[in-house]
Amino acid sequence: MQVRGVEIVQCVQDVTNSVPLVADKATLVRLYLEPTSVSQPGQITAEIAWSRSGGGDTFVPALNSLRVDPGSPFSLREQREDIDKSLNFRLPAAAIGAGTLNLRISRIFQPGGGDLPAAAFNIAPVTFAAAPPLRIRVIGLRYRAGTTTVTPAAVHFSYLKSFLNRAYPVAALEWSHMVVDADFAAPFDDSTVDLANAQIAALRSREVSSGVDPRTHYYGLVDDNASNNFMRGKAFAIPGTPQPDTVASGPAGVPNGFAGDRDASYADWYGAHELGHTFGRFHPGFPPAAQDASDPTFPYENGCISKPDNKYVGVDTGDHELGLPAAALPGLTYHDVMTYADNQWLSAYTYQAIMTRLLEEDALGPPVA
């Protein structure tokens, strides 16, 4: 059995595993097999072994099995872009702490059958680096629309929290949220988001003065009342230096296909976009009409998360509680979260830039006693 490659991925990765790994963040190992290296069709699965310096091997079974057929081979690109065409392993918590991890393929075998002879394949040691948490406080803004009071539903907070955990370069969130009465009412206009940000900024100032960690980002969440009152999101600024006091606000609602999203809420990627601005991220300038605050150094064409060479593929590790399965996100189908395009995820470019800013903000230090 020939092995084409192994990727260790948390959000987005290439086959050389060049994207840094965050300690204690959910991590998948993806094993790519060569279908033509077997003599006949069949189901195949595998085990991997991991170890730390000086320790013995611990074995992890694949989450799935894979049908390989030498008469119907698939390319490495097809495998990378389809979670069901790779053998996938979820590393346990003990394996993903800060430090160096050694991995090897311990066996490839037929489910319920014997081991298959396998060519040696070397997996280079990988390093998990400690990273600060994302400190985030989300304020739901409750407003009046005629005789109706509109309050963001709990599902929107849950989806935003989950997306940030899965897609941002963090292993943990220092999360809190609450709902307050808004300083505005429906119908909305272009000034509504400015009123929202002014209210969030004032609230943040009071709470930080009372002891909240000044490295905490504040985000305002406004329900679209079933699309009758859509408030376009906006960050107060796009800071060029670490400024966690920069607030942002954005809408929440049921997507119904909005930006290619068909789950229970678009508060997730929309909030990740606006918070991205507070970490100094600009728009990649895609679609072409979206040239405001654009980033001339964004490296991938059409706002995608990869160049046409398909170097990068995203992976969403999923959320069992929300019923969101793990999924591979093709690099030319998915777009960077800072675009205005469909199918949003974080590119390696944005992921690493937010990681850098988080580290810079963390160095600002905790509140002065």
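Where does Ala226 lie? In this predicted model, Ala226 is placed in the loop that runs between β14 (217-223) and β15 (234-235). I begin with this residue on account of its backbone: Ala226 has a positive phi of about 55°, although it is not a glycine. Ala226 counts as exposed, because its relative accessibility is 64% and the cut-off for exposed is over 50%.

A second residue belongs in this part of the talk. Asn256, which is not a glycine either, has a positive phi of about 50°. Its loop is the one between β16 (248-252) and α4 (267-278). With a relative accessibility of 65%, Asn256 counts as exposed.

One more backbone feature concerns a proline. The peptide bond that leads from Ala186 to Pro187 is cis, and its omega is near 0°. Pro187 itself sits in the loop between β13 (173-181) and α3 (192-209).

Let me turn to helix α4. How far apart are the end C-alpha atoms of α4? They are 16 Å apart, and this agrees with the 16 Å that its 12 residues should span at 1.5 Å a residue. Is the helix enclosed or open to the outside? Of the 12 residues of α4, 12 are buried, so the helix is largely enclosed by the rest of the structure. Among these buried residues are Asp268, His273, Glu274 and His277, together with Trp269, Tyr270 and Leu275. Just after α4, Gly280 adopts a positive phi of about 85°.

I now come to the sheets. As general background, strands of a sheet pair through backbone hydrogen bonds, in either a parallel or an antiparallel manner. One open sheet here consists of three strands in the order β1-β4-β8, and the pairing is antiparallel. Its edges are β1 (3-9) and β8 (87-90); each has a single partner strand, so one side of each is left without a neighbour in the sheet. On average, and with direction ignored, neighbouring strands of this sheet are turned by 15° against each other. Between β4, residues 28-33, and β8 there are four bridges, in the antiparallel sense. Within this pairing, Leu28 stands opposite Arg90 of β8.

Another open sheet, again of three strands, has the order β2-β17-β18 with antiparallel pairing. Here the edges are β2 (12-13) and β18 (327-329), each with a single partner strand, so that one side of each has no neighbour in the sheet. Strand β2 is joined by two bridges to β17, residues 313-316, and these two strands run antiparallel. Gln13 stands opposite Val313 in β17.

I close with Asp82, a residue in the loop between α1 (76-80) and β8. Which residues does Asp82 contact, once its neighbours within four places in sequence are left aside? They are Arg30 and Ala328. Arg30 falls within the residue range of β4, 28-33, and Ala328 within that of β18, 327-329. The C-alpha atoms of Asp82 and Ala327 are separated by 7.4 Å, although these residues are 245 apart along the chain. The side chain of Asp82 also has a polar atom that lies 2.9 Å from the backbone nitrogen of Asp84. As to accessibility, Asp82 has a relative accessible area of 25% and is therefore partly exposed.

Terms used. Residues are numbered from 1 along each chain as its sequence is written. This is a predicted model: local features need pLDDT of at least 70, side-chain atom pairs count only at pLDDT 80 or more; totals for chains, interfaces and linings use all residues. Side-chain values use heavy atoms; hydrogens and water are left out. Buried means under 20% relative accessible area, exposed over 50%, partly exposed in between (1.4 Å probe, protein chains only). Two strands pair if DSSP finds at least two bridges between them. Axes are lines fitted to C-alpha atoms, for helices over the stretch in contact, and angles run from 0 to 180 degrees between N-to-C directions. The expected span of a helix is 1.5 Å times one less than its number of residues. Contact means heavy atoms within 4.5 Å. A polar contact is a pair of N or O atoms within 3.5 Å; within protein, one must be able to donate a hydrogen and the other to accept it, and residues adjacent in sequence count only if both atoms are side-chain atoms.
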